[in-house]
Amino acid sequence: MRITLVGGILLSIVGSIGYIYSSRVLDEIRDGIYLQTARELSSNFEESIKSKKKELAVATVIMAQSPFQNRERVSLSLKKYSLFNNINFSYLPKTTLKPPKSIQDTITFYKNRPYITITSVAPAYNAKGKYTSNLVAKANFNAFSFHFDIKDYSAMAIVDKNKSRYLSNPFYFSNLFETINTMPREKMADLERYVVDEKSGLLLRAFELKNIHSTDKVKIILAKNLRDIDLSSIDKEIEKIVLIAALLFLLLMLLLYKVFITNYSKSVGDYYKELLEDLAEKDLEIQRQADVIKFIAMNDPLTGLDNKVSLVNKLDNIISDTQINEYQVGIVFLDLDRFKKINDVYGHYIGDLLLKKVADRLKECVHKNDIVARISGDEFVIVETNMTDYSNINLIEKIIFIMKKPFYIKDKDIHITFSIGRSILGQDGNDVDSLLKNAETAMYISKDMGLNNYVSYDTSMGKMSQKRLELDRNIRSALKNQELVAYYQPKINAITNEVIGLEALIRWKDAKKGIIYPGEFIPFCEESDLIIDIDEYMLIHAMRQLLMWHREGVKTGKVSVNISTKKLEKGDFVAELKHLLLSENFDPAYLEVEILESQVMNNPKRSIEILRQVKELGVSISIDDFGTGYSSLSYLKELPVDKIKIDRSFIIDLPYNKDAVSIVRTIIALARNLRLETIAEGVETQEQLDFLIDEGCVNIQGYYFSKPLSAVICKDFLLSKNAKR
């Protein structure tokens with residue numbers, strides 16, 4: 001560690017010294033190159049000035065020596081083809097100036113006018129060769145600069161110290177103006193040598209021109225693109241520095257390596273001894289962790305029973321062993337009845353404690369070599385080895401008997417039952433998958449037959465299981481392909497004959513079977529949780545249909561949609577409903593949700609809380625099949641409902657069945673006292689209608705007025721009712 005620290009410090013010191021030295025060397029080389037470039041710029045520019053002045057003098061002589069009658073044509077030609085295409089020629093009378101002894105050329109800087117000119121004077125003669133006047137040619141400096149063909153630099157003339165006026169040649173560097181204008185005043189002094197402007201990518205140098213009297217000066221800014229300056233000598237110097245640095249680094253590393261090797265041999269023995277001791281301790285810790293991981297991977301974390309992975313592995317080994325030892329194996333598949341209700345009523349904490357106690361009781365029922373596994377939330381599997389048909393039945397009956405005793409958890413007596421299915425190795429399958437699947441199929445048949453029961457698998461159940469899978473697949477396809485449609489049954493005020501609303505009822509429009517009624521698939525959907533998707537589907541379609549009718553001017557009243565408690569108790573139902581109302585721009589005053597009384601009573605406190613939130617959205621709530629549930633009256637005053645729907649089972653026998661008459665009168669009176677609306681469903685005869693009207697229930701739904709109608713036919717029905725009003 002100390003060697004590493006010392007080596008790091010030495011490397012840092014050597015690196016810092018090398019960096020400072022190399023930076024200084026490179027800066028000196030770069031400065032020399034830039035200074036040489038700046039001097040070349042001045043030299044080239046000065047040569048260009050001399051060259052252009054000579055060219056102007058030649059043009060002046062040509063013009064002066066041209067015959068008088070041809071001077072206009074010559075002047076035009078010179079202006080057109082000369083390098084100075086805007087030369088101005090003028091003649092001064094001979095009395096004004098004496099004939100020059102030689103061609104005069106000057107650069108004149110006018111202080112009060114923002115331009116610079118180059119002037120040339122020559123004597124002019126007439127056709128007889130007689131001196132007549134002086135020809136003066138002037139070239140504007142801007143035009144002069146336009147024809148500077150010296151590559152990769154430009155010129156700018158600063159007119160005064162404040163840089164308020166200037167002429168320039170912007171044809172190479174368009175950003176030269178901005179660079180000079182934004183340059184700090186203290187930096188301008190450096191232009192006498194050179195200035196590098198990284199932002200514009202230019203090298204700048206000042207060059208001074210004197211006017212004709214050599215009293216005033218004009219400062220010319222010369223520029224060159226940094227990319228055009230040859231810095232290859234810097235690259236060569238960098239290569240040398242890198243080579244020297246590499247050699248120094250290598251020498252230092254060799255020195256450090258020598259020191260390290262000397263100390264390493266001494267410490268390696270001690271380290272090796274400590275390492276062996278540490279490895280031994282680590283092996284023990286790894287073994288302990290491996291055992292824990294193995295247990296977690298193969299056991300249910302809540303009950304400690306085998307999980308599904310462990311069950312499959314052990315059962316596979318048992319099946320292989322039976323091929324040698326020839327003993328029978330039985331599979332018992334158990335599913336707790338109404339376990340969800342226990343979680344809803346008492347909470348998941350109590351539910352988990354219940355599962356632990358159930359696991360303990362199941363272990364009491366089996367032999368040492370049998371397997372008890374928990375494969376999902378409330379599903380257990382028992383594998384009985386060395387079974388006989390008698391022992392397997394005895395095991396199941398023992399489980400049913402022992403589970404009758406209530407579980408005492410947190411001051412609560414909880415009663416539970418199992419639905420059980422069984423399968424036998426060889427008889428009902430020869431591999432793990434088929435044995436478990438067939439036992440599960442038998443369990444579902446047991447659940448359909450009634451709770452707290454068991455069923456042994458037989459081959460006819462396979463067809464039933466296949467039918468359930470096919471039905472599930474077809475319903476999901478119908479949802480995806482929009483094959484489920486809404487029919488609408490009108491609700492009528494029997495006194496005014498006015499449509500007060502519609503109930504949306506689902507139909508399955510199958511391409512092969514035609515219309516399939518809800519009784520053939522809704523019970524399965526409620527069992528498999530497909531009802532959640534169907535409820536949402538019907539909500540959306542009913543709302544959109546009502547919006548379409550309203551845009552067409554059709555009066556409908558409220559549309560009611562049946563909502564299952566599975567959908568209602570889904571954690572985000574209220575948020576979903578609110579989002580749907582907003583996204584569809586649907587007035588909640590036109591929506592009514594119908595909830596089955598029997599389902600609300602499964603978890604009344606939870607249902608009441610959710611229904612209150614629905615009510616706050618402005619949506620009406622109706623209780624369907626009222627009177628068919630239990631404990632309804634004790635919760636009715638707390639339910640935030642607007643309407644009670646009298647179940648058709650009480651309407652059928654009106655007005656001749658005394659019990660039906662008594663029940664219906666009680667419901668109507670109860671609703672009146674609680675200030676709730678009533679509506680009777682399933683009304684089909686005049687006698688039923690007359691009795692209900694006499695008792696004060698005037699809102700009617702049933703075949704007496706109309707059966708459920710498709711959207712097209714329902715529209716015509718609504719229009720006809722609207723027309724009669």
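## Close-up views of a predicted model

**View 1. Asn497 is partly exposed, because its relative accessible area is 34%.** Burial terms used in these legends follow fixed cut-offs: buried is under 20% relative accessible area, exposed is over 50%, and partly exposed lies in between, with a 1.4 Å probe and protein chains only. This is a predicted model, in which local features need pLDDT of at least 70, side-chain atom pairs count only at pLDDT 80 or more, and totals for chains, interfaces and linings use all residues. Residues are numbered from 1 along each chain as its sequence is written, and side-chain values use heavy atoms, leaving out hydrogens and water. Find Asn497 in the loop between β17 (484-493) and β18 (498-510). Although Asn497 is not a glycine, it has a positive phi of about 60 degrees. Helix and strand labels throughout are DSSP runs numbered from the N terminus, with H or I over at least four residues for helices and E over at least two for strands.

**View 2. Asn585 also sits in a loop, between α16 (573-583) and β21 (591-596).** Its phi is positive, at about 55 degrees, although Asn585 is not a glycine. Asn585 counts as exposed because its relative accessibility is 65%.

**View 3. Leu311 belongs to helix α7 (residues 308-325).** With a relative accessible area of 0%, Leu311 is buried. Setting aside residues up to four places away in sequence, the neighbours that Leu311 touches are Ile371, Ala373, Ile375, Val381, Val383 and Leu436; a contact here means heavy atoms within 4.5 Å. Take Val381 from that list: it is 70 residues from Leu311 in sequence, yet their C-alpha atoms are 8.4 Å apart.

**View 4. Helix α9 (residues 348-365) passes α10 in a right-handed crossing.** A crossing is right-handed if the near helix is turned clockwise from the far one by less than a right angle, and left-handed if anticlockwise. The two axes come within 10 Å and cross at roughly 140 degrees. Such axes are lines fitted to C-alpha atoms, for helices over the stretch in contact, and the angles run from 0 to 180 degrees between N-to-C directions. From α9, Arg361, Leu362, Glu364 and Cys365 meet Leu395, Lys398, Ile399 and Ile402 of α10. Sorted by class, this contact has five nonpolar, no polar and three charged residues. In that sorting, Ala, Val, Leu, Ile, Met, Phe, Trp, Tyr, Cys and Pro are nonpolar, Asp, Glu, Lys and Arg are charged, and the others, Gly among them, are polar.

**View 5. Ile402 lies in helix α10 (residues 389-402).** Leaving out residues up to four places away in sequence, Ile402 touches Arg361, Glu364 and Cys365. The C-alpha atoms of Ile402 and Cys365 are 8.4 Å apart, while 37 residues separate the pair in sequence. Cys365 counts as buried, because its relative accessibility is 5%. Along α9, the buried residues are Ile350, Gly351, Leu354, Leu355, Val358, Ala359, Arg361, Leu362 and Cys365.

**View 6. The 13 residues of helix α18 (residues 604-616) should span 18 Å at 1.5 Å a residue, and the end C-alpha atoms are indeed 18 Å apart.** The expected span is 1.5 Å times one less than the number of residues. Buried in α18 are Pro604, Ser607, Ile608, Ile610, Leu611 and Val614. Just after the helix, Gly618 takes a positive phi of about 95 degrees.

**View 7. Leu654 and Pro655 are joined by a cis peptide bond, with omega at about -5 degrees.** Pro655 is placed in the loop between α20 (648-651) and α21. Follow the chain into α21 for the next view.

**View 8. Helix α21 (residues 658-673) and helix α22 (residues 686-695) have axes that come within 10 Å and cross at roughly 35 degrees.** The crossing of α21 past α22 is right-handed. Val661, Val664, Arg665, Ile668 and Arg672 in α21 meet Phe691, Leu692 and Glu695 in α22. Those contact residues divide into five nonpolar, no polar and three charged.

**View 9. Cys714 is buried, because its relative accessible area is 0%.** How many disulfides does a search of the whole structure find? Zero, where a disulfide is a pair of cysteine sulfur atoms within 2.5 Å. For the wider setting, the protein chain has 23 helices and 25 strands, and buried residues make up 44% of its 725 residues.
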